[in-house]
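Visitor: I'm happier at the bench than in a structure viewer. Could you walk me through how to read this one?

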Amino acid sequence: MTSVRERIRAVVTGAVGYEPGLDALTVAPAAEVDPALVAAVHEAVARLSGKGWQPAELHRVVARRGQPQQDELLTDAIAAHLRRFPRATVDQRWLAQADALGARVWWNDDATYLDEVARRWRIDRVAVLDVVLSLLTTLAELPPVEVLVPPPGTPVAAASRPAGGSSRVDTRLLDRVRALLAKAESTTFPAEAEAYTAKAQELVTRHSLDEALLIARGGETATVVPFARRIGVDHPYEGEKASLLDAVARANRCHTVWSPELAFSTVFGFDADIDAVDLLYTSLLVQAHRAMARTEPPGGKAGRARLKTFRQSFLVAFSVRIGERLATAAQAALEEATSDSSTSTVTDPADLLPVLASRDEQVRETMNRIFPRTVRARGSRVDSREGWESGRDAADRAALPDS
């Protein structure tokens, strides 16, 4: 006789059709089906955690691929997985992502979990089984990814600090940068947005240059190594958004590899630089969308195609122009730091050039080790001159510093 677990596995793997499989589970005894389904979801999350998936990444891909309410079940499964480990033994970044999702064990018992979900959502048991089974199908399709953050269960020594020992941007500096970018996003005056964004870039650039040389002076180049972080790239216009992220990354001495099927780009660099990339990309994306909304042509059925090409061309132009301005600003900041010791906290800024070259080589080596084979993405088409010109204008209004 086929067990419930085998029936579930057959549906998830496609050996049995989804609808017939769901029907079979709905008529089987709930006392057998419910615990098996709950255990299967928990096991899937534990397996994917060990295969490199972090809470925020799992949540993003499930919300993107799955049906409504799957992401809530996933968050509960993350909470169930975490309860197996003392919090002190779990990497702080993994915990922070779970906490941000609101992962907590709110239900009384795993045996009654699906009944409690049905009451909470005010739907019948069959609908709950459908959501759970479809979630299992979604999770089963996910491939292993590189382990960037030690998953729960990793020995305390490895989980107690960022992988590779990379240093992070000072919390107070990050708070100042976030505050400046928040002001840039909220203002309706382009000149103010320029000033706030410029100051934010100036802060992170100077901090990064000073940190690179201070670490090298301290003889820590052997222990402070490049890291990688996956940053979500959501639809629509994923390719254009990935290009914007790449432009920001390159200006901040990082490199990216885009995985469109998984809705993220992996950013390689030192932790302080990746922090800056994450903050600046998020802010510039907000600014781009707001500027696009102010300048785009009317929509409606007749203008739908025009609107789509406008938006795509706008984002392409915005990314290209931002890349140009970021590169200019980064080069100007480097030239200032290497020519005038009064602008830097280090005693001999000229030492920056070999240090930065060495760090870039380390970043590239790390990227090539994790992604030995990559394919250069095709450039996006520009079919709207109006969108292209508006995008470049918006990028100019989001100008970054000359130093």
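Visitor: Let's start with one residue: in which helix does S283 lie?

Guide: S283 lies in helix α13, residues 271-295. Helices (H or I, at least four residues) and strands (E, at least two) are DSSP runs, numbered from the N terminus. Residues are numbered from 1 along each chain as its sequence is written. Bear in mind that this is a predicted model, where local features need pLDDT of at least 70, side-chain atom pairs count only at pLDDT 80 or more, totals for chains, interfaces and linings use all residues, and side-chain values use heavy atoms, with hydrogens and water left out.

Visitor: Is S283 buried or exposed?

Guide: Buried means under 20% relative accessible area, exposed over 50%, and partly exposed in between (1.4 Å probe, protein chains only). S283 has 1% relative accessibility, so it counts as buried. Skipping neighbours within four places in sequence, S283 is in contact (heavy atoms within 4.5 Å) with L181 and E185.

Visitor: And what about R60, is that one buried or partly exposed?

Guide: R60 is partly exposed, with a relative accessible area of 21%. Its place is in helix α4.

Visitor: Which residues does R60 touch?

Guide: Not counting residues up to four places away in sequence, R60 touches G232, D234, A263 and F264. Take G232: it is 172 residues from R60 along the chain, yet their C-alpha atoms are separated by 7.6 Å. For the chain as a whole, residues 24 or more positions apart account for 78% of the contacts with a separation of 6 or more.

Visitor: How many helices and strands are there in the chain?

Guide: The chain has 16 helices and three strands. It runs to 403 residues, and 48% of them count as buried.

Visitor: What describes two packed helices?

Guide: The angle between their axes and the distance between the axes. Here, axes are lines fitted to C-alpha atoms, for helices over the stretch in contact, and angles run from 0 to 180 degrees between N-to-C directions. Try α4 (residues 55-65) and α5 (residues 70-82): their axes come within 9 Å and cross at roughly 160°. Angles under 35 degrees count as roughly parallel, over 145 as roughly antiparallel, 65 to 115 as roughly perpendicular and the rest as oblique. So α4 and α5 are roughly antiparallel to each other.

Visitor: Which residues meet there?

Guide: On the α4 side they are P55, L58, H59 and V62, and on the α5 side Q70, D71, L74, T75 and I78.

Visitor: At what angle do α5 and α8 cross?

Guide: Their axes cross at roughly 75° and come within 9 Å. That makes α5 roughly perpendicular to α8. From α5, Q70, L73 and L74 meet V131, V132, S134, L135, T138 and L139 of α8.

Visitor: What do nonpolar side chains tend to do?

Guide: In soluble globular proteins, they tend to be buried together. A nonpolar core is a set of buried Ala, Val, Leu, Ile, Met, Phe, Trp, Tyr and Cys residues joined through side-chain atoms within 4.5 Å. The largest one here has 53 residues, and I8, L37, W53, L73, L114, L136 and L139 have the most contacts inside it. Helix α3 gives the most to this core, with nine residues.

Visitor: What does I8 contact?

Guide: Leaving aside neighbours within four places in sequence, I8 is in contact with L25, A36, L37, L133 and L136. Apart from this core lies another, of 36 residues, including L280, F318, I322 and L326.
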